[in-house]
Amino acid sequence: MKDILAWFGLKKFPFDKNIKSKDAFITEPLKECEARLEYIKRRGGILLMTGDPGVGKTLGLRRYVDNLNENLFRTFYTPLSTLSRTDLLRHINRLLGLPHRASKSAIYTQIQRTLLESKEQMGKTILIIIDEAHLLQTGPLEELRLLTNFKMDSYDPFILILSGQSDMRRTMEFAVMEPLNQRLALRYHMSGLDREETAGYVEHHLNQAGAREPFLDEHAMDAVHELSFGIPRRIGSIVSQALTYAMFDQKRTVTAEMVLKANSST
């Protein structure tokens, strides 16, 4: 069985999702994402972040969390978003490590008190990240809005980040979502990479994996960008398939034809 690492002289798979956040290729969309996250860190409140699958939202969040001062922030992350109104509150209650409460009102009060006391008595701002937020129904979203109402809606003692796919922007257009829309401190839609950054992204990841020369010609890179729409995860998948195709074709340079054939066979 041929080994793609040995064939191309690589030390590791170039598009491994376990890449350390500090080793990521810094793109313009990622810079814009980090600027928004930095702003919400200072301001507090709710940030709605949307983007197509694989565009880099979670990577941006990982870099953000990795650089937070643990003496000033406590971070809680969950991708579990297919919950009812009450179950979502119970889940957040458990996430914060709080004792069980029987009634919804008791859970709500306990969570709010914890968020407030962490900020005002411990000097630590709680950050709650809800990933896959596009799966949240309007009811649970309303519960989150109510949870952010402090001191007669005049104070933001914690940070709530809702990160979801592009479909969530349509959900937020519903009339019933207007109260939550008004509560948002900031919203950001993360876009894909342009042609130049697509090439830079591929080169960066191949170099990180130990490549000593380019493996894709210019036309191949054009094809990768066109097929991937500049979505980093799709870029990685397409290039990995093309490298595998080239290996079995006994080639060490990927052409546009190889990219198209490898992509059409999946």
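Let's start with one rung of the ladder: R74 has I126 in β3 as its bridge partner. That rung is part of a set of six bridges joining β2 to β3 (residues 125-130), and the two strands run parallel. Strands here are DSSP runs of E with at least two residues, helices are H or I runs of at least four, and both are numbered from the N terminus.

Before going further, some housekeeping. This is a predicted model, in which local features need pLDDT of at least 70 and side-chain atom pairs count only at pLDDT 80 or more, while totals for chains, interfaces and linings use all residues. Residues are numbered from 1 along each chain as its sequence is written, and side-chain values use heavy atoms, leaving out hydrogens and water.

Now zoom out to the sheet. Five strands make an open sheet with parallel pairing, in the order β2-β3-β4-β1-β5; two strands pair if DSSP finds at least two bridges between them. β2 (73-78) and β5 (184-190) each have a single partner strand, so one side of each is left without a neighbour in the sheet. On average, neighbouring strands are turned by 15 degrees against each other, direction ignored.

Two helices are worth a look against this sheet. Helix α3 (residues 57-66) lies across β1 (45-51), β2, β3, β4 (159-164) and β5, and runs at about 155 degrees to β4. Helix α5 (residues 104-120) packs on the sheet too, touching β2 and β3, with its direction at about 135 degrees to that of β3. Such axes are lines fitted to C-alpha atoms, for helices over the stretch in contact, and the angles run from 0 to 180 degrees between N-to-C directions.

Just past β3, in the loop leading to α6 (138-147), sits E132. With 31% relative accessibility, E132 counts as partly exposed (buried means under 20% relative accessible area, exposed over 50%, partly exposed in between, with a 1.4 Å probe and protein chains only). Neighbours within four places in sequence aside, E132 is in contact with P79, S81, S163 and Q165, where contact means heavy atoms within 4.5 Å.

Next, the aromatics. The whole structure holds four aromatic pairs; rings of Phe, Tyr and Trp (its six-membered ring) pair if their centres lie within 6.5 Å, with planes under 30 degrees apart called stacked, over 60 edge-to-face and the rest tilted. F8 and F215 make a tilted pair, 4.8 Å centre to centre and 55 degrees between the planes. The two are 207 residues apart, with F8 in helix α1 (residues 4-8) and F215 in the loop between α9 (195-208) and α10 (218-228). F8 is buried at 6% relative accessibility, and F215 is buried at 3%. The rings of F15 and Y201 are stacked, because their centres lie 6.1 Å apart and their planes meet at 25 degrees. F15, F25 and Y201 form one aromatic cluster.

F8 turns up again in the largest nonpolar core, where F8, L216 and V254 touch the most other members among its 30 residues. A nonpolar core is a set of buried Ala, Val, Leu, Ile, Met, Phe, Trp, Tyr and Cys residues joined through side-chain atoms within 4.5 Å. Helix α11 gives the most to this core, seven residues. L216 touches V202, L206, M221, V224, V239 and V254, not counting residues up to four places away in sequence. A second, separate core of 29 residues includes I46, I107, M172 and I126, the last being the bridge partner of R74.
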